[in-house]
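Biologist: I have a structure here that I would like to understand step by step. Could you walk me through it?

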Amino acid sequence: MAVTLIFWLTLGGFSVTFLGADFLDRLNVTRVKSPAYDELFADGVRAYGAEKWSEAVELLEKAIADYNHEMEVKLHCRLHCRDRYRASSARNVISDLELEYYRYTIYSHKCAQKCREKYLGKRTKVSAAVRSDFEIRVPYAYLQFAYYKVSLLGLFICFSFNLML
């Protein structure tokens with residue numbers, strides 16, 4: 001919840017001054033070479049539809065983990081770029097606010113894009129529908145039912161084995 005709030009605050013350009021270098025160090029931001037969460041989610045839903053419950057669980061868990069990792073990377077990059085901009089703008093005093101706004105916008109966009117590519121690699125843009133599904137936690141509903149089915153299947157196998165003895 002706090003990460004989401006901070007993410008949207010920094011997206012809107014609000015100053016989140018209580019976050020310092022120690023917060024950035026605590027974020028677990030690493031380079032990951034894996035399919036994006038939208039691809040994993042689509043594969044997980046296909047496995048879910050085919051009633052391959054254990055495969056669906058594995059893919060949906062990976063999709064959720066990748067989504068959370070991408071949000072942490074975005075937050076890290078925005079905070080990092082904000083700090084770099086502040087350091088560079090301390091030497092550069094521009095009296096025109098509109099020009100300063102455009103400078104900040106262009107700088108932060110380029111910096112955040114390079115930072116995201118550094119940690120996530122080149123990724124295609126995720127559709128608004130998939131992003132919305134993750135924001136309202138739809139993958140967790142699929143995952144919960146898949147967990148339920150996997151545990152029932154395990155109980156059924158144990159029950160069948162006991163009947164054969």
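Biologist: Leaving aside its neighbours within four places in sequence, which residues is F134 in contact with?

Modeller: Happy to start there, and please keep in mind that this is a predicted model. F134 lies in helix 6. Once its neighbours within four places in sequence are left aside, the residues in contact with F134 are Y37, F41, A63, I64, Y67 and P139.

Biologist: Is F134 buried or exposed?

Modeller: We can settle that with a cut-off: a residue counts as buried under 20% relative accessible area. F134 has a relative accessible area of 5%, so F134 is buried.

Biologist: How far apart are the C-alpha atoms of F134 and D38?

Modeller: Along the chain, F134 and D38 are 96 residues apart. In space, their C-alpha atoms are separated by 9.3 Å.

Biologist: Now the wider picture. How many helices and how many strands are in the chain?

Modeller: Reading from the N terminus on, the elements run α-α-α-α-α-α-α. The count for the chain is therefore seven helices and zero strands.

Biologist: What percentage of the residues in the chain is buried?

Modeller: The chain has 165 residues. Buried here means under 20% relative accessible area. The buried share of the chain is 32%.

Biologist: Which element gives the largest share of the largest nonpolar core?

Modeller: The largest nonpolar core has 18 residues, and those with the most contacts inside it are Y37, F41, V130 and F134. Two or more residues of this core come from each of helix 3 (37–49), helix 4 (53–89), helix 6 (128–135) and helix 7 (138–164). The largest share of this core, nine residues, is given by helix 4.

Biologist: What lies apart from that core?

Modeller: Apart from it there is another core, with V73, C115, Y119 and L120 among its residues. The size of this other core is five residues.

Biologist: Let us look at helix packing. How are helix 3 and helix 4 oriented to each other?

Modeller: Two packed helices are described by the angle between their axes and the distance between the axes. The axes of helix 3 and helix 4 come within 8 Å and cross at roughly 160 degrees. Angles over 145 degrees count as roughly antiparallel. Helix 3 is therefore, relative to helix 4, roughly antiparallel.

Biologist: Which residues of helix 3 make the contact with helix 4?

Modeller: This crossing is left-handed. On the helix 4 side, the contact is made by W53, E55, A56, L59, L60, K62, A63, D66, Y67 and E70. On the helix 3 side, the residues are Y37, L40, F41, D43, G44, A47 and Y48.

Biologist: And helix 4 and helix 5: are they oblique or antiparallel to each other?

Modeller: Helix 4 and helix 5 pack with their axes 8 Å apart, at an angle of about 135 degrees. Their crossing is right-handed. Roughly antiparallel would need an angle over 145 degrees. Helix 4 and helix 5 are therefore oblique.

Biologist: Next, the charged side chains. How many salt bridges does a search of the whole structure find?

Modeller: Let me give you one example before the total: the side chains of K62 and E58 meet in a salt bridge (3.3 Å, N to O). K62 and E58 are four residues apart in helix 4, so about one helical turn separates them. For the whole structure, the number of salt bridges found is seven.

Biologist: In the salt bridge of D43 and R46, which residue counts as exposed?

Modeller: The side chains of D43 and R46 meet at 2.4 Å, N to O. D43 has a relative accessible area of 31%, so D43 is partly exposed. The other partner has 55% relative accessibility, so the residue that counts as exposed is R46.

Biologist: Which residues are joined with E70 and R123 in one network of salt bridges?

Modeller: E70 and R123 meet in a salt bridge through their side chains (2.8 Å, N to O). This pair links distant parts of the chain, with E70 in helix 4 and R123 in the loop between helix 5 (97–120) and helix 6. E70 is buried at 7% relative accessibility, whereas R123 is partly exposed at 23%. Through salt bridges that share partners, E70 and R123 are joined in one network with D66 and K74.

Notes. Residues numbered from 1 in each chain as written. Predicted model: local features only at pLDDT ≥ 70, side-chain atom pairs only at ≥ 80, totals over all residues. Heavy atoms only, no water. Core = buried A, V, L, I, M, F, W, Y, C linked by side-chain atoms within 4.5 Å. Buried < 20%, exposed > 50% of the residue type's maximum accessible area, 1.4 Å probe, protein only. Contact = heavy atoms within 4.5 Å. Salt bridge = Lys/Arg side-chain N within 4 Å of Asp/Glu carboxyl O. Axes fitted to C-alpha atoms, helices over the stretch in contact; angles between N-to-C directions. Parallel < 35°, antiparallel > 145°, perpendicular 65-115°, else oblique. Left-handed = near helix turned anticlockwise from the far one by under 90°.
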